[in-house]
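Subject: Structure handover

Hi,

Here is the structure I promised to pass along. Please have a look, and my notes follow below.

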Amino acid sequence: MDWTDLIDTAFKVAGNSNQANQAEAVRAVEAAVIDGEEPVASTAGRHPDHFRRGVLVLTTHRLLFLKDGKPPVPVPLTAVTDATVTRTKFNGEVLTVVALTGSHRFEDVVKAEVFAERIRETARTARTTPQAPKPSDTGDQLIDQLERLAALRASGALTDEEFSRAKQRLIG
């Protein structure tokens, strides 16, 4: 699968058949591709700040949210600690991706459970590949990551349950 197929499929799922938007999304992603980054999966969803759906693109290195010509919003997979799905009456399936960079929420996600599992698998692989930065022997990096999680919890971005799961993934 190449970038064009991945994004075209997600735009069709989102119900957006505008060829100009699809072509612009492909160009935006291809311009931001990291060396060795490959497409993994895509789906449609809505960021809480947007009314219409956008496209969630999962790569070997990042999760990207694309929306009508706006620059991609990247979430590095090495920083992802958890991906959960909840169902609500008004927002459909809600995908919450917890990362050291913050908590990211996407609403009305198509096949959210399957996509969340792909995120967890790909994040696990990204953390264990040789390209991923290794934790230092002194544990300074682990302490920094735990401090970031604690700050996210203190600010209310993470619930106690999300914090516990993220901490367990880092330590265990």
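Let me start with a charged residue: Glu93 has 21% relative accessibility, so it counts as partly exposed. Keep in mind that this is a predicted model. The side chain of Glu93 meets that of Arg87 in a salt bridge, at 3.3 Å from N to O. Arg87 counts as exposed because its relative accessibility is 54%. Arg87 also forms a salt bridge with Glu113, where the closest N and O atoms are 3.7 Å apart. That second pair links distant parts of the chain, with Glu113 in helix α3 and Arg87 in strand β5, 26 residues apart.

The count comes to ten salt bridges. Another one joins the side chains of Arg46 and Asp108 (3.7 Å, N to O). Arg46 lies in the loop between β1 and β2 and Asp108 in the loop between β7 and α3, so this pair ties together parts 62 residues apart in sequence. Arg46 counts as buried, at 14% relative accessibility, while Asp108, at 26%, counts as partly exposed. Both belong to a salt-bridge network with Arg105 and Glu107.

Now the sheet. Four strands form an open sheet in the order β1-β2-β3-β4, with antiparallel pairing. β1 and β4 stand at the edges with a single partner strand each, so one side of each has no neighbour in the sheet. From one strand to the next, the twist averages 15°.

Finally, the helices: the axes of α4 and α5 come within 10 Å and cross at roughly 175°, which means that α4 is roughly antiparallel to α5. The residues of this contact divide into eight nonpolar, one polar and three charged.

Happy browsing!

Technical notes
Residues are numbered from 1 along each chain as its sequence is written. This is a predicted model: local features need pLDDT of at least 70, side-chain atom pairs count only at pLDDT 80 or more; totals for chains, interfaces and linings use all residues. Side-chain values use heavy atoms; hydrogens and water are left out. Axes are lines fitted to C-alpha atoms, for helices over the stretch in contact, and angles run from 0 to 180 degrees between N-to-C directions. Helices (H or I, at least four residues) and strands (E, at least two) are DSSP runs, numbered from the N terminus. Angles under 35 degrees count as roughly parallel, over 145 as roughly antiparallel, 65 to 115 as roughly perpendicular and the rest as oblique. Ala, Val, Leu, Ile, Met, Phe, Trp, Tyr, Cys and Pro count as nonpolar, Asp, Glu, Lys and Arg as charged, and the others, Gly among them, as polar. Two strands pair if DSSP finds at least two bridges between them. A salt bridge is a side-chain nitrogen of Lys or Arg within 4 Å of a carboxyl oxygen of Asp or Glu. Buried means under 20% relative accessible area, exposed over 50%, partly exposed in between (1.4 Å probe, protein chains only).
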